[in-house]
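Open the model in your viewer, choose a cartoon view, and keep the selection box at hand. The tour goes from one selection to the next and says what to look for at each stop.

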Amino acid sequence: MNREITDPIEKIVASALIKHEISYECDPKRHDLDFRLLEWDLLIEVKRFYTPRITRQLKDRENVLLIQGLDAAIAFSRLLDRVGE
């Protein structure tokens, strides 16, 4: 079950994934990163800005896309729009 997304930057990412019909999970019980793309071996972590916690979260992970900041989330959304053209 997906958790409710309240962070505005995470909402941009979630909206882009939904718009492009990319299935994802957003369940903190399964992992500590924000999104797990179900059809791909990819995790997405969304942060407003850098903190040392990011390094700890990503240290032993593979296939993680880090979206850091509002502009990066908007760019991610626009990139998906271009791929969908």
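Begin by selecting the strands, which form an open sheet of four in the order β1-β2-β3-β4, with mixed pairing. Strands here are DSSP runs of E with at least two residues, helices are runs of H or I with at least four residues, and both are numbered from the N terminus; two strands pair if DSSP finds at least two bridges between them. β1 (24-25) and β4 (64-68) are the edge strands, and because each has a single partner strand, one side of each has no neighbour in the sheet.

This is a predicted model, in which local features need pLDDT of at least 70 and side-chain atom pairs count only at pLDDT 80 or more, while totals for chains, interfaces and linings use all residues. Residues are numbered from 1 along each chain as its sequence is written, and side-chain values use heavy atoms, with hydrogens and water left out.

**The antiparallel part of the sheet**

Select β1 together with β2 (residues 35-37), and you have a pair that runs in the antiparallel sense over two bridges. Within this pair, E25 is found opposite R36 of β2. Now add helix α1 (residues 8-19), which packs on the sheet and touches β1, β2, β3 (42-47) and β4, with its direction at about 15° to that of β2. Touching, or contact, means heavy atoms within 4.5 Å, and directions follow lines fitted to C-alpha atoms, for helices over the stretch in contact, with angles from 0 to 180 degrees between N-to-C directions.

Next, move to β2 and β3, which run antiparallel and are joined by three bridges. L37 has L42 of β3 as its bridge partner, and a hairpin of four residues leads from β2 to β3.

**The enclosed strand**

Stay with β3 and show its side chains. Are they buried or exposed? In a regular strand the side chains alternate between the two faces of the sheet. In β3 both faces are covered, with L42, I44 and V46 buried on one side and L43, E45 and K47 buried on the other. Six of the six residues of β3 are buried, so this strand is largely enclosed by the rest of the structure. Buried means under 20% relative accessible area, exposed means over 50%, and partly exposed lies in between, using a 1.4 Å probe and protein chains only.

**The parallel pair and its crossover**

Select β3 with β4, and you will see a pair in the parallel sense, held over five bridges, in which K47 is opposite Q68 of β4. Between these two strands the chain passes through helix α2 (residues 52-58), making a β-α-β crossover that is right-handed; that is, with the strands pointing away from the viewer, the path from the first strand over the helix to the second runs clockwise.

**Two helices side by side**

Now select helix α3 (residues 70-83), which lies across β3 and β4 and runs at about 125° to β4. Show α1 beside α3, and note that their axes come within 9 Å and cross at roughly 5°. These two helices are therefore roughly parallel to each other, a term for angles under 35 degrees. Where they meet, the α1 residues I9, I12, V13, A16, L17 and K19 face the α3 residues L70, A73, I74, F76, S77, L80 and D81.

**Three loop residues**

Select G69 in the loop between β4 and α3, a residue that counts as buried at 10% relative accessibility. Leaving aside residues up to four places away in sequence, G69 touches I9, K47 and R48. The C-alpha atoms of G69 and Y50 are 8.8 Å apart, although 19 residues separate them along the chain.

Go on to E21, in the loop between α1 and β1, which has a positive phi of about 55° although it is not a glycine. E21 is exposed, with a relative accessible area of 71%. The last residue to select is N63, in the loop between α2 and β4, where phi is again positive, at about 60°, in a residue that is not a glycine. N63 counts as partly exposed, at 40% relative accessibility.

**The whole chain**

Finally, display everything and follow the chain through its pattern, α-β-β-β-α-β-α, which contains three helices and four strands. Of its 85 residues, 36% count as buried.

Definitions and conventions:
Parallel < 35°, antiparallel > 145°, perpendicular 65-115°, else oblique.
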